[in-house]
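Dear colleague,

Please find below the structure for your review. My findings follow the entry.

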Amino acid sequence: MKAVGGALHFPAAATATTTTPSPSFFSFARRLPLPSHFPRLNFTRATLAEEGRAVSTATTSNMGEEDSGNVRKDLANLFERSLRVTVPSEADVEPLIAACTGKFGDYQCNNAMGLWQKIKGASEFKAPRAVGEALKNNLPHSDMVRSLEVAGPGFVNVVLSESWISKTIHKMLINGIQTWAPRISVAKVVVDFSSPNIAKEMHVGHLRSTIIGDTLARMFEFSNVEVLRRNHVGDWGTQFGMLIEFLFEMFPNWEDARETAIADLQKFYKDSKKRFDEDPAFKERAQKAVVRLQGGEAKYRKAWAQICDISRKEFDGVYQRLGIRLEEKGESFYNPYIPDVLEKLSNLGLVEESQGARVIRVQGYEIPLIVVKSDGGFNYASTDLTALWYRLNEERAEWIIYVTDVGQSQHFEMFFKAARRAGWLPADSNTYPRVSHVGFGLVLGEDGKRFRTRNTEVVRLVDLLDEAKSRSKATLIGREKDKEWSEEELDQIAEAIGYGAVKYADLKNNRLTNYTFNFDQMLNDKGNTAVYLLYAHARICSIIRKSGVDIEELKKTGEIKLDHPTERALGVHLLRFAETVEEACANLLPNVLCDYLYNLSENFGKFYENCQVVGSNEQTSRLLLCESTAVVIRQCFHLLGIVPVYKI
């Protein structure tokens, strides 16, 4: 699969309708035979359209029904039939549909030019425009289309029917926003995100992985995909010998001390590391402690478990604040599987000796991928390969997504290539089962360097969230909201705005870029900020409340009419919600959804500026349009992990 103009698209492959992993992949399965599993998925591939976010969409089984909630896909189904009639000899050509802005219509079919290049001289068409005219004339009748016009060298511009737009939005209001969920042809996805290290506090560096990963998981879940939210914590390795030995030394009664023993995790880790680096005798004891831990000695396992438990409580506090759900399967979980996985790889002839280590050669890299260190220990590569094997064979995931900083790109590329050499993954990286590294840039301070405190320490995530809430609350109190609201309401709204501002400031940026962390900008109530969007939602809710109308009853009896240009523009933008979520999933880019949300708010602002709602002759229709906008905004907030507020 490739990201095609925002759609997750799975057209049929040229020679088969299924993706079949190599025989070595099948033989590697531990339990259920993979041939009985993966072919049933019927995943296929697509090509990325270069112009105008055009989407190539395969015909679905209900091709005649223009009611999927995805306008672009519904139009593609119509043009699919037109293409089959217009150029029956070109059965592999799929419709290229793009959303339009301005005077050209609402959508556009862009097939004529490409088709002309393929068929000129062998058909009755004399120019690309003639192909466009034929595509227009052969389009089946549909209630969704008001008019068609051919422009330039064959572009078919589509204007949607206002009546159809209104009915489609109203149907969503009655049946729920879930009816606009994208239809993605993937059953199970693993999203591996957050992944802090045990005995280290979460800091601003964990912010992006946690927020981006959660949003990706939410979007797939909304699209009815089973998502395995995996927290691959660093809970195993040589550092635990150092931590355990330091615990024993500092707290002889460590079993009774529990949380109080290492309440300040960051300080505990630093002190133990300093001792490890400066005291050879301590270093030797720590190295022996690792052997005892990995050998299963009860005392060391118990101390290790205690350190892990204390860390988890710290992590869970942050996750609860951010509304993050995760299931931990850390490095220690996969450790028992590593020897068997490496044996399988060795039997395939992939593992070789190199300077005392065991490595896998990867095409394009002079340095091999080390899977067993020269001292016999395992490393990230051995753990990650084992985790991938487990996710493919035991958890039966079709798409495994890793959310880490771009600095780890080479590691992921190398271990993905090693997995392809083993036959675990198809050679085509866009065919299922597949893997993706979702890289992201740095969080910078205003000095353009990594975001740190004044004494050059990394910023603790809890401190950052506290500051966001505190600033938000101070602003609300400055507006005398403490006199209008209860203390509980004030606290809840301050938290929703503060945390939402932090999340949105990150997610609105293309994840591959660095961004500057600035509280003043992210808490500004003007421009593309969470505060502005939360205010916009609260304003819509206020309009509905002040009308005194029971909106639920109005849904049953009222109708939406789109007579004013700003009403129509708002309606069309609402209908683009499903294709936007699909695009964000396809490209693994949350900022696509943020752009949609901001533009939705802008469209509503123009509508409200030009169209009186309460007390107008069109009150019923416009209240329903307000409610429709609020419903979509709330769903966008949910996908971004932002808690909506209903009054400001």
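The lining of the largest cavity is made up of three nonpolar residues, two charged residues and no polar ones. By name, these lining residues are E201, M202, E314, V318 and V462. The space in the largest cavity amounts to about 40 Å³, and the count of cavities of 30 Å³ or more comes to three. Please note that the model is predicted.

I turn next to strand 14, which covers residues 399-405. Six of its seven residues are buried, so strand 14 is largely enclosed by the rest of the structure. Strand 14 pairs with strand 8 (residues 188-192) in the parallel sense, over four bridges; in this pairing, V191 stands opposite I401. Strand 14 also pairs in the parallel sense with strand 15 (residues 434-440), here over seven bridges, and T404 is found opposite G439 of strand 15. Together with helix 15 (residues 409-421), strands 14 and 15 form a β-α-β unit that is right-handed.

The last element to report is helix 19, residues 530-547. At 1.5 Å a residue, its 18 residues should span 26 Å, and the C-alpha atoms at its ends are 26 Å apart, so the expected span and the model agree. Helix 19 is mostly covered, with 15 of its 18 residues buried. Just after helix 19 comes G548, which takes a positive phi of about 70°.

Yours sincerely

Key: Residues are numbered from 1 along each chain as its sequence is written. This is a predicted model: local features need pLDDT of at least 70, side-chain atom pairs count only at pLDDT 80 or more; totals for chains, interfaces and linings use all residues. Side-chain values use heavy atoms; hydrogens and water are left out. Buried means under 20% relative accessible area, exposed over 50%, partly exposed in between (1.4 Å probe, protein chains only). Helices (H or I, at least four residues) and strands (E, at least two) are DSSP runs, numbered from the N terminus. Two strands pair if DSSP finds at least two bridges between them. A crossover is right-handed if, with the strands pointing away from the viewer, the path from the first strand over the helix to the second runs clockwise. The expected span of a helix is 1.5 Å times one less than its number of residues. On a 1 Å grid over the protein atoms alone, a cavity is a set of points where a 1.4 Å probe fits but cannot get out, and a pocket is an open set with protein on both sides within 12 Å along at least five of seven lines; lining residues have an atom within 4 Å of a point. Grid points are joined across faces, edges and corners, and a volume is the space filled by probe spheres set on the points. Ala, Val, Leu, Ile, Met, Phe, Trp, Tyr, Cys and Pro count as nonpolar, Asp, Glu, Lys and Arg as charged, and the others, Gly among them, as polar.
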